[in-house]
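Colleague: Hey, could you walk me through this one? I'm new to reading structures, so plain words please.

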Amino acid sequence: MRVLIDYRPALRERSGTGEYTHQLVRALTSASAGLDDRLAVTLFSSSWKDRLVDLSDLRPASVVDRRIPVRLLNLSWHRLGWPPAEVIAGGTFDVTHSSHPLMLPSRNAAHVVTIHDLNFLKHPERTRAEIRRDYPALARDHAQRADGILVSSAFTATEVEVVLAVPRDRITICPHGAPEWTPRDRQPQAGYILFVGTLEPRKNVGGLLDAYERLITTAGVPDLVLAGKALPESHGWLARIARQPLSGHVRHIGYVEPSQMRQLYEGARLLVLPSFEEGFGIPALEAMTIGVPVVASRRGSLPEVLGDAGVLVDPDRPADIADAMCRVLTDEAFAASCAKRGVERARAFRWDSTARTVYGAYQRAMEQHAHRH
């Protein structure tokens, strides 16, 4: 089976979709998945200025790297369905796999797309650039024409089926795998409160700051660390943390490289993820893997990722978020129990299992494509 995967989301700052894409390719090309003799993976990338760097951990995948501006290629692909994969990548493929909801066009291959969430439909005002321009207008049509759709949670699977009117048998749940980290030795009285994610409205950063402001009058409350890229709409939050009463208590450290993520979690006392919606919630799984207690929203996919391994809160109620953080910080037995259950639950999320599920989805997409044509 010859598969062309759009690797562009992982080209720069591998957060969210980029990290999922990289780790999925790594799993598909790993001997542990048992697919080596049945699957030939080609990675596609294009940019006018950014080039692929070290991909040694993705061998034996092949690479096609074109010097084409991302916006220009996306406009042509999304609106015109051209050029086909066979032309731009110079090969023949059985499957083209887009890492986002809009198809990577081809003449003869089956089309597979990944849909992490449908937040771009519910809140287009929270999106930017091509996502705002193309996704709301085209996602439904592309999803219905795709031969297979991959989602990372049951929550998103239901949304794709209902909102985009896609038959359930064309949707495959392929969750993220946990990182290959060993749990840390707990240091219950040390560390900071951690938030990991792009500073965008969907992540409810304002609600988190409201909740934290309720706590800082309490003696011994640790600092809050915001780890994630700032966007233009983040200006108000960054200005707020520079003023009293948050000044000196909240730090924004920006985007953190994947190689430094384990160290970041090891220094945390708890993770807070109060998002209005997540298609999966990678930070929750990363924190659980290493034994960091998690406070998360009960919206979207987070309840199915976290299970009983942490505290679920109403993201619209800063008081609830504050109370949950306070409980983890002050009740050591409860925090230890959350950490233990998180480590145990994280073991169920395995990238080799995800890779085999994706391979099966590729096979079904090829069958669907043959039936349609």
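Modeller: Sure, we can go through the overall build, the sheets, some odd spots in the backbone and then the holes. First, this is a predicted model, where local features need pLDDT of at least 70, side-chain atom pairs count only at pLDDT 80 or more, and totals for chains, interfaces and linings use all residues. Residues are numbered from 1 along each chain as its sequence is written, and side-chain values use heavy atoms, with hydrogens and water left out.

Colleague: Okay. How many helices and strands are there in the protein?

Modeller: The protein has 14 helices and 13 strands. Both are DSSP runs numbered from the N terminus, helices being H or I with at least four residues and strands being E with at least two.

Colleague: And why is it called as compact as a globular protein of that length?

Modeller: Its radius of gyration is 21 Å, close to the 21 Å that the globule rule gives for 373 residues, so the protein is as compact as a globular protein of that length. That radius is taken over C-alpha atoms, and the rule is 2.2 Å times the number of residues to the power 0.38. Along its principal axes, the C-alpha trace spans about 65 × 40 × 40 Å.

Colleague: Now the sheets. In what order do the seven strands of the open sheet come?

Modeller: The order is β3-β2-β1-β4-β5-β6-β7, with parallel pairing. Two strands count as paired if DSSP finds at least two bridges between them. β3 and β7 are the edge strands, each pairing on one side only. From one strand to the next, the twist averages 20°. Angles here run from 0 to 180 degrees between N-to-C directions, using axes fitted to C-alpha atoms, for helices over the stretch in contact.

Colleague: What holds strands together in a sheet, generally?

Modeller: They pair through backbone hydrogen bonds, either parallel or antiparallel. In this model, β1 (residues 2–6) and β4 (residues 95–98) are a parallel pair with three bridges. Val3 has Val95 as its bridge partner in β4. Helix α1 packs on that sheet and touches β1, β2, β4 and β5 (110–114), its direction making about 160° with that of β1. Touching, or contact, means heavy atoms within 4.5 Å.

Colleague: What about the open sheet of six strands, what's its order?

Modeller: That one goes β10-β9-β8-β11-β12-β13, again with parallel pairing. Its edge strands are β10 (250–252) and β13 (311–313), each pairing on one side only. Three bridges join β12 (residues 294–297) to β13, and Val295 stands opposite Val311 in β13. Helix α10 (residues 282–290) packs on this sheet, touching β8 (192–196), β11 (268–273) and β12, and its direction makes about 155° with that of β11.

Colleague: Switching topic: which peptide bond before Pro60 is cis?

Modeller: The one from Arg59 to Pro60, with omega near 10°. Pro60 lies in the loop between β2 (40–46) and β3 (62–66). A cis bond also joins Trp82 and Pro83, with omega about 0°, and Pro83 is in the loop between α2 (70–80) and α3 (85–88).

Colleague: And what's up with phi of Ala165?

Modeller: Phi of Ala165 is near 60°, a positive value in a residue other than glycine. Ala165 sits in the loop between α6 (154–163) and β7 (171–173).

Colleague: Last thing, holes. What lines the second largest cavity?

Modeller: Ile5, Tyr20, Thr21, Leu24, His97, Ser99 and Thr114 line that cavity, which has a volume of about 40 Å³. On a 1 Å grid over the protein atoms alone, a cavity is a set of points where a 1.4 Å probe fits but cannot get out, a pocket is an open set with protein on both sides within 12 Å along at least five of seven lines, and lining residues have an atom within 4 Å of a point. Grid points are joined across faces, edges and corners, and a volume is the space filled by probe spheres set on the points. Helix α1 (residues 17–28) gives the largest share of this lining, three residues.

Colleague: And how big is the second largest pocket?

Modeller: Its volume is about 190 Å³. Of the 14 residues lining this pocket, the closest to its centre are Ala10, Leu11, Arg14, Val53 and Glu257.
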